[in-house]
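Biologist: I've got some time to go through this one with you. Can you take me through the labels and say what stands behind each of them?

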Amino acid sequence: MVPDARGAGLTSGRARERLIRLLEGQGIQDRRVLEAIRAVPRHLFVEEALSHRAYENIALPIGHRQTISQPFIVARMTEALLEGGPVSTVLEIGTGSGYQAAVLAPLVDRVYSVERIQALSRNARELLSRLGINNVNLRHGDGAEGWPERAPFDGILLTAAPHNVPETLLTQLALNGRLVAPVEGPDGRQQLVRYTRTEEAYVRDILDAVMFVPMLPGAEQ
């Protein structure tokens, strides 16, 4: 663990425990997910000026017009991904600051994460390395393309909202695998959706109302 990973003051263990109690009160039940949220030093994944707010249940800016999701959403999406069977490999679309990948890392064997903004991908790589998290592979590229040479994945998680989940991502999902994504409807409102791949179809379940940044095409240098 890096020297400042434990935090101090409002980034202390007491602040983390308050957050865990709040998540439990909002319905997060998977103890593995709660422990991962407790263990990951979220204050390192946000802008330094906002680190004192890292353990509040709010989204925070991370630069480049992007945000780190509120802890409840991270926990909810992670729990939804793990429900229904073992998950060994996960593809994440939208690395951001690396927080979601850090939460997933102790829960699965391998995380493959794609980020379209090169500076964010580079910063996330440096931070995850400092934290000793070595089962996360990062790539700078177009998230809609996924990571086909590493497919199929037991789980796929999108941290930005497309109008429709790209077919290329659905085809990279393993049989019985689950894809969790915020999806924007025609009215502009977003819903958190889980697709489960069966032998016959992709079964779609609507989980929650959410609000994410839009999923954009291409890669930004």
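Modeller: What follows is a round of questions and answers on this predicted model.

Biologist: Let's begin with the sheet: what is the order of its strands?

Modeller: The order is β5-β4-β3-β6-β7-β8-β9, an open sheet of 7 strands with mixed pairing. From one strand to the next, the twist averages 15 degrees.

Biologist: And what makes β5 and β9 stand at the edges?

Modeller: Each has a single partner strand, so one side of β5 (136-140) and one side of β9 are left without a neighbour in the sheet.

Biologist: How do you know that β8 and β9 pair?

Modeller: Pairing takes at least two bridges, and strand β8 (residues 190-197) shares 8 with strand β9 (residues 202-210), in the antiparallel sense. So they count as paired. Tyr195, for one, stands opposite Arg204 in β9. A hairpin of 4 residues joins β8 to β9.

Biologist: Which strands run parallel to β6, then?

Modeller: Strand β3 (residues 89-93) does, with 4 bridges to strand β6 (residues 153-158). In that pair, Leu91 has Ile156 as its bridge partner, and Ile93 has Leu158. β7 also runs parallel to β6, again over 4 bridges. Ile156 turns up here too, opposite Leu179 in β7.

Biologist: Why is β6 called mostly covered?

Modeller: Of its 6 residues, 5 are buried, and buried means under 20% relative accessible area.

Biologist: Which helices pack on the sheet?

Modeller: Helix α3 (residues 71-82) is one of them, touching β3, β6, β7 (173-184), β8 and β9. Its direction makes about 155 degrees with that of β7. Helix α5 (residues 118-130) packs on the sheet as well, touching β4 (110-115) and β5, and its direction makes about 160 degrees with that of β5.

Biologist: Now the helix pair at the start of the numbering. Why is α1 called roughly antiparallel to α2?

Modeller: Helix α1 (residues 13-25) and helix α2 (residues 31-39) pack at an angle of about 150 degrees, with their axes 9 Å apart. Angles over 145 count as roughly antiparallel, so α1 is roughly antiparallel to α2. Their crossing is right-handed.

Biologist: Which residues meet in that contact?

Modeller: From α1 there are Arg16, Glu17, Leu19, Ile20, Leu23 and Glu24, and they meet Arg31, Leu34, Ile37, Arg38 and Ala39 in α2. Those residues divide into 6 nonpolar, no polar and 5 charged.

Biologist: On to single residues. Why does Gln100 count as buried?

Modeller: The cut-off is under 20%, and Gln100 has 6% relative accessibility, so it counts as buried. Gln100 is found in helix α4 (residues 99-104). Leaving aside neighbours within four places in sequence, Gln100 is in contact with Val74, Thr78, Glu92, Leu157 and Thr159.

Biologist: And why is Pro217 called exposed?

Modeller: Exposed means over 50%, and the relative accessible area of Pro217 is 64%, so the label applies. Pro217 is found in the segment after β9.

Biologist: What is Pro217 in contact with, neighbours within four places in sequence aside?

Modeller: With Arg116 and Asp142. Pro217 and Asp142 are 75 residues apart in sequence, but 6.3 Å apart in space, C-alpha to C-alpha.

Biologist: What makes Arg65 worth a line in your notes?

Modeller: Its phi is positive, about 60 degrees, although Arg65 is not a glycine. Most residues other than glycine have a negative phi. Arg65 is in the loop between β1 (60-63) and β2 (66-68). With a relative accessible area of 71%, over the 50% cut-off, Arg65 is exposed.

Biologist: Where is Asn176 found, and what is its phi?

Modeller: Asn176 is found in strand β7, and its phi is near 70 degrees, a positive value in a residue other than glycine.

Biologist: Last one: how do you know that the peptide bond between Ala151 and Pro152 is cis?

Modeller: Omega is about 5 degrees for the bond that joins them, and the bond is cis. Most peptide bonds are trans. Pro152 lies in the loop between β5 and β6.

Conventions. Residues numbered from 1 in each chain as written. Predicted model: local features only at pLDDT ≥ 70, side-chain atom pairs only at ≥ 80, totals over all residues. Heavy atoms only, no water. Helix = DSSP H or I, 4+ residues; strand = E, 2+ residues; numbered from the N terminus. Axes fitted to C-alpha atoms, helices over the stretch in contact; angles between N-to-C directions. Parallel < 35°, antiparallel > 145°, perpendicular 65-115°, else oblique. Left-handed = near helix turned anticlockwise from the far one by under 90°. Contact = heavy atoms within 4.5 Å. Nonpolar A, V, L, I, M, F, W, Y, C, P; charged D, E, K, R; others polar. Buried < 20%, exposed > 50% of the residue type's maximum accessible area, 1.4 Å probe, protein only.
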